[in-house]
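Reader: Walk me through some charged pairs here, please. Keep it brisk.

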Amino acid sequence: MNALKSLGRLVWGSQPDPESARLSSGVFYHTNPGAKVARKCLYKDSELSICRTDIKYQFLLIVQQVFADGEEELEDSDDLDNEHEFLIADELHFTAHVADGFKGFRWVDPDDPSGRAMYEFIIEDSKSDSKLVRDCFARAVAHCVWERKNERPYTQASEADIDAIASRVEEEELEKMLNSVSISDTELQAALADAEPPTAASPDKADDASSAAEKRKIKSPVTRKEKHKKANKYDKDLPPSPDKIAFGDITVSVIGALYLFDSATESFVEIDSSVALSVIETGKFTYYINVIANDRDYVSQLVEPSMNAIFNHDHLSLIWNYFTDSRAYSFSLAASDESHYNALHQGMTKAAYETLNKVPWSKVSVSSQDYLLDAHEEDLEMAPVPETWSPASEYTDNESDDESDAGHTDQSFRKAPLPAGVKTGKPEKEEDSDEESCDAGESDSESESDEDEDDEYDDDDDDDESVSSGDGAKNSILEIGRKHGRSFVVRGSHIGVFKHTDSDDIQFATNINNIDDTHGNRFTPSSTMLHEGDSSMVLMNQDRPNDLFKMDLEYGKVVEEWKVHEDIPTVSIAPTTKYSQMTGEKTLVGLSHNMLYRIDPRIGGKNMIVEKDTQMYAGKNKFSALATTMTGAIVIGNAKGEIRMYDRLGVRSKTTLPALGDPIIGIDVTSDGRYIVATCSTYLLLIDALIPDDPTGSTGFVKPFPQDKKPAPRRLQLKPEHVVYMGGPPSFTPAKFNQSPSGKASERTIVTSTGPFVVTWNLRRALGTGRGDAYHIKQYSQHVVADNFRFGHDRSIVVALPDDVKSVKRSQLARPTRESLMIRDLSAASSDAA
């Protein structure tokens, strides 16, 4: 304490004055565990000081926002709220505090009657942090508290009086940390009994660590023996207790009932009426969840995307997957009350975000935190579906039949003549023959195929069409034609051409062999796009990312090489507008890791990028996928999970949606720009781009979303209990909307695949019910390489397997059941896809 007094004289002069105390740099937060966003950043840079009032012995604690040069001029002076004041008193409970590894202070919110809301001043700049300066500030606050309480100058106080107030800062903080952990003493002891000690203990804690280790050695055998006395009838179905329990800082802990999905009864069964689920920070941006009870340790699991976590506010529950080397499980925790549920929802969302983004949650704006919390929860209210979607367009449980879809079919492409070189392998008259179509083995709905266990998935003996390249290559890319009723499948350095029939069958037509560049070098396309009325195809070669290759489909050869830019590698391409591929449009849209641009092959030379239609970013944005609307608006996804929306090329994005952290591997948008579907490995993200309450009915492509009205994203994901049957986490292929050039809310269905399963979501149902797990599914005997709707309707789906190409009617996809989800030999299916 004498050292602090000496430092105080050095800082404030020979007669220290509390009013001179100041912390010049820190981040100011407001926290409320019961609120939707538990921790809000009020000022990113602020100053904490003490000010004497006009009333004797009364002091104010003042937090004032600090602006960068010129920044304050941008603020609206009428609405400026850049200062907070608090009367310094015992009731303020001013204490030291640590948040996200950074130190500072916190105190109660005097306007919160519950006493749970707090303010925090955290010094996140290590250069500005000094323990001595923080200790001096805490002592200055202690002086103010003493003067108010005793109505005398603090100089008349004894050192013991001031020391008692100052030391209470640390004591109260420790007490609050312990009280924030909602675990009973017995549960905490059970957890500590099995917890691993830190890897390195400081010398002053060596005795404590040794003592704890001795307690574990004595207690462990007795505890394990007692645990096995209380056998549960579902013990045989439970995963083994974890060998080690994750040890670290408890960021949140809640109490609830634990359930396990029982595949025999196809329902969740309660296995423990009272457990503690804790989110543990074991290292920087590394989190685990521990689920423990008095008599058993259930789970100690790394927080990662494969958990497939789903939050449901109506049931106050969290459902997630847990995997061992040999099996998948699905657990559910029903929180004891809403406050526990909210704490768990916030704690898990924070852990998931920091794990994926490697950025502190506290750095995320309040509106972005709301967006991220919404993205992790089911049953959110979304904007009404378009009025043009009549109830008749809603599917039945087994999906609509062919007749009900007839009115939604666009057959205009059948009127266009075929390119001369794209001919069928059989005479055109055979299209009406009675020969079995390639999907003859798929005529029965899965829901009606229980009589024959071989019908649980499609056999390779069906009359499907396959193309053999002769070099061991497998099918890798599927392109759906728009004008001539053709689809194209890339297989190594070959392209198979398939014909669609009026009965929605698919037949092999011809093969384009030996894809060579104009110099005779053979390559395997890494990406493709039909172009110029389906008369040509643009190919990408991963070994030459700066170039594109135009194949003339009439001749079946690459006829042009486009030098896009010698310094800019292209990672993805898209048509100028959603249906410009049906026209003679020459230009297309290109995407590099940090640049969006128009490509015009007519420019020639070594730079075909249109300069005025270019938008470049300085940072490493890691752009990965793009799509366009009918009007040419563009949506981009990146490897961080961000989504950017542009109304045209050559300008900055109108809207940027925060990154959930999972890389976006594919993205699609409806014709009118109303809905976006982004594909991540374990889920799809469905976004309504309409700005709520906007009088002009604008979308986020046209104008930015207001800060407080960001869209509520809908996660479309497989139920964790269904993943149990599948045996492993999902890995989705890029999802697509069905397409029709009419553009009148014609997109009604989304299709994707994972492993051997084709999966569809009814767009109206997903939006109307707010549930992302209402899907239909069909299993194949091999992993699905790619799938997409036949152009013009959503009645049939083209499915590319490693060695087959199939056409399946959407009505044949059914609600998931145990029988339709069980994979007989997952390892065999995996080897087929390798």
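Reader: Is Lys363 buried or exposed, or partly exposed, and at what relative accessible area?
Author: Buried means under 20% relative accessible area, exposed over 50%, partly exposed in between (1.4 Å probe, protein chains only). Lys363 falls in the partly exposed class. Its relative accessible area is 48%.

Reader: What can I trust in these values?
Author: This is a predicted model: local features need pLDDT of at least 70, side-chain atom pairs count only at pLDDT 80 or more, and totals for chains, interfaces and linings use all residues. Residues are numbered from 1 along each chain as its sequence is written, and side-chain values use heavy atoms, with hydrogens and water left out.

Reader: Which residue forms a salt bridge with Lys363?
Author: A salt bridge puts a side-chain nitrogen of Lys or Arg within 4 Å of a carboxyl oxygen of Asp or Glu. Here the closest N and O atoms are 2.8 Å apart. The partner is buried, at 13% relative accessible area. It is Glu124.

Reader: Which lysine forms a salt bridge with Glu532 at 3.1 Å?
Author: Glu532 is buried, with a relative accessible area of 13%. Its partner at 3.1 Å also counts as buried, at 12%. That lysine is Lys550.

Reader: Which other side chain meets Glu532 in a salt bridge, at 2.8 Å?
Author: The two residues sit 54 residues apart. The partner counts as partly exposed, at 35% relative accessibility. It is Lys586.

Reader: How many salt bridges does the whole structure hold?
Author: Some join into a network, linking Arg39, Asp100, Glu120, Lys350 and Glu354. A search of the whole structure gives a total of 35.

Technical notes. Helices (H or I, at least four residues) and strands (E, at least two) are DSSP runs, numbered from the N terminus.
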